[in-house]
Amino acid sequence: MNNKTPSWGESVPWFHAHTFNNPRFAFSSVAGRFVGLTLLGNCSAPPVIKFLEAIKESNLIINDDKSVRFAITLNQQDLQDPLALATFPKQRLFYDEDGSIAREYGALSHDHGSQQEAFSPYWLILDPTLRVYAKGSIDQPDRFINAMQSLPDPAHHAAPNIDLWAPVLLVPRVLETDLCETLIRYYQEGQPEPSGFMRTVDGKTLELRDNNVKRRTDVNIDDETLQIALRQRIWSRLTPEIARAFQFQATRIERYIVACYDENNAGFFKEHRDNTTKGTAHRRFAISINLNSEDYDGGELWFPEYGNRRYKPPTGGAIVFSCSLMHAATPVTRGTRYVTLPFLYDDAAAKIREANNRFLGDGVEPYQSEE
């Protein structure tokens with residue numbers, strides 16, 4: 001069965017693909033702005049050349065905060081094609097080596113029962129949640145240009161007078177002030193380590209560190225009494241609210257840490273999702289419990305797919321959200337932010353976590369079943 005092309009209002013498939021600079025670029029990472037995505041097939045095809053020339057001559061403004069342009073090709077040589085690179089700056093060309101992306105997008109399919117596959121180039125404009133905002137044929141470059149030039153602010157893609165909100169849950173009064181202060185002291189008396197982030201490298205989940213992506217230090221909570229205190233409060237005060245809001249019954253906790261974002265290095269964590277590797281695929285909900293909200297500025301949670309709204313729970317309060325949501329911790333501009341950041345999952349996800357131990361790279365601790 002051939003996959004159909006995505007229609008207006010539908011979510012498009014996410015994929016990983018080779019680009020000039022990245023052998024495994026995650027398409028889902030471009031969310032949070034409008035995306036012009038063109039399925040070219042081959043830049044030497046006359047209709048494609050005409051499309052590329054029209055886009056180049058239009059001098060579309062490049063503003064990565066508002067919109068980006070990507071293309072998919074079946075021809076690896078297109079990654080160095082001068083016209084394609086001029087049309088899609090910053091080498092934003094995906095090489096679809098086996099045609100799997102084109103098939104999933106309905107651009108490569110068998111023609112009327114034929115054994116031969118035919119490529120039908122077309123373009124899409126996706127909204128900040130990667131749903132189809134506009135669509136057209138490769139023979140309609142003017143429509144593409146006009147649509148890209150008339151895009152609204154990404155934060156108001158629903159309508160000019162609607163401020164979007166993310167599907168997150170704010171729960172106050174999870175941790176008492178005394179416990180928050182105890183956790184901060186635990187951090188201050190500990191040995192903070194630079195905090196990394198998970199990526200897939202050569203099929204393995206590895207922890208990487210890059211100050212351009214994340215500036216945070218963590219202290220693991222090894223004290224069993226503190227772990228029990230956190231567990232009791234999460235189970236009694238937080239998971240009932242999660243069950244009511246999201247109809248999810250959490251049974252497992254991953255990670256007991258106190259994290260610190262400091263003004264001295266403008267501590268932050270760039271846009272990311274928490275479950276994009278084999279080693280993190282089991283994660284269902286992320287929790288951010290602030291320990292001293294009154295003592296710092298900045299350091300708010302932001303969900304780029306859902307507008308410009310920032311989220312900052314009060315001291316002892318939590319923000320809970322799906323690990324599939326793109327989010328960021330904005331830079332701390334004054335003071336020091338202390339926060340504890342567990343993940344929640346259930347028994348079914350625990351089986352996934354255990355099965356994925358074989359995909360963990362060096363330095364990533366394997367999961368031991370609690371059963």
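**Strand 24, helix 6 and the core between strands and helices**

Strand 16 and strand 24 are antiparallel and are joined by 4 bridges. Within this pairing, C260 has Y338 of strand 24 as its bridge partner. The model described here is predicted, and strand 24 offers a convenient point of entry to it.

Strand 24 covers residues 332-340, and 7 of its 9 residues are buried. Strand 18 also runs antiparallel to strand 24, with 2 bridges between them; here I289 is placed opposite T340. A further antiparallel pairing links strand 24 to strand 19, residues 296-298, through 3 bridges. In that pairing, Y296 faces G335 of strand 24. In general, the strands of a sheet pair through backbone hydrogen bonds, in either a parallel or an antiparallel manner.

From these strands the reader may turn to the nonpolar interior. The largest nonpolar core has 31 residues, of which L175, L183, L238, I287, L291, V320 and L344 touch the most other members. Two or more residues of this core are given by each of strand 10 (169-171), helix 5 (177-188), helix 6, strand 16 (257-262), strand 18 (285-290) and strand 22 (318-322). Helix 6 provides the largest share, 6 residues.

Helix 6 therefore merits a closer look, since the largest share of the core comes from this helix. At its start, a side-chain oxygen of D223 comes to within 3.0 Å of the backbone nitrogen of T225. Further along helix 6, which comprises residues 224-246, there is a kink of about 40° at L238, shortly before the proline P240. The buried residues of helix 6 are L226, Q227, A229, L230, R233, I234, L238, T239 and I242. An α-helix has 3.6 residues a turn, so residues three or four places apart point the same way. After helix 6 comes Q247, which has a positive phi near 55°.

L344 connects several of these regions. Apart from its neighbours within four places in sequence, L344 is in contact with I234, W235, T239 and I242, among others. Its contacts also include A250, R252 and I253, as well as R283, R284, F285 and I287.

One of these partners, R283, is located in the loop between strand 17 (269-272) and strand 18. Is R283 buried or exposed? Its relative accessible area is 9%, below the 20% limit, and R283 is therefore buried. A polar atom of the R283 side chain lies 3.2 Å from the backbone oxygen of D274. Leaving out residues up to four places away in sequence, R283 touches E254, D274, N275, C323, F343 and L344.

Another part of the structure contains an open sheet of 5 strands, arranged in the order 5-4-3-8-9 with mixed pairing. Its edges are strand 5 (93-95) and strand 9 (132-137), each of which pairs on one side only. From one strand to the next, the twist averages 20°. Strand 4, residues 67-73, runs parallel to strand 5 and is joined to it by 3 bridges; A71 stands opposite L93 of strand 5. Helix 4, residues 141-149, lies across strand 3 (34-41), strand 4, strand 8 (122-126) and strand 9. The direction of helix 4 is at about 10° to strand 8.

Notes
Residues numbered from 1 in each chain as written. Predicted model: local features only at pLDDT ≥ 70, side-chain atom pairs only at ≥ 80, totals over all residues. Heavy atoms only, no water. Bend = angle between axes of the 7 residues up to and from the residue. Buried < 20%, exposed > 50% of the residue type's maximum accessible area, 1.4 Å probe, protein only. Polar contact = N/O pair within 3.5 Å; in protein donor to acceptor, adjacent residues only side chain to side chain. Core = buried A, V, L, I, M, F, W, Y, C linked by side-chain atoms within 4.5 Å. Contact = heavy atoms within 4.5 Å. Pairing = 2+ DSSP bridges. Axes fitted to C-alpha atoms, helices over the stretch in contact; angles between N-to-C directions.
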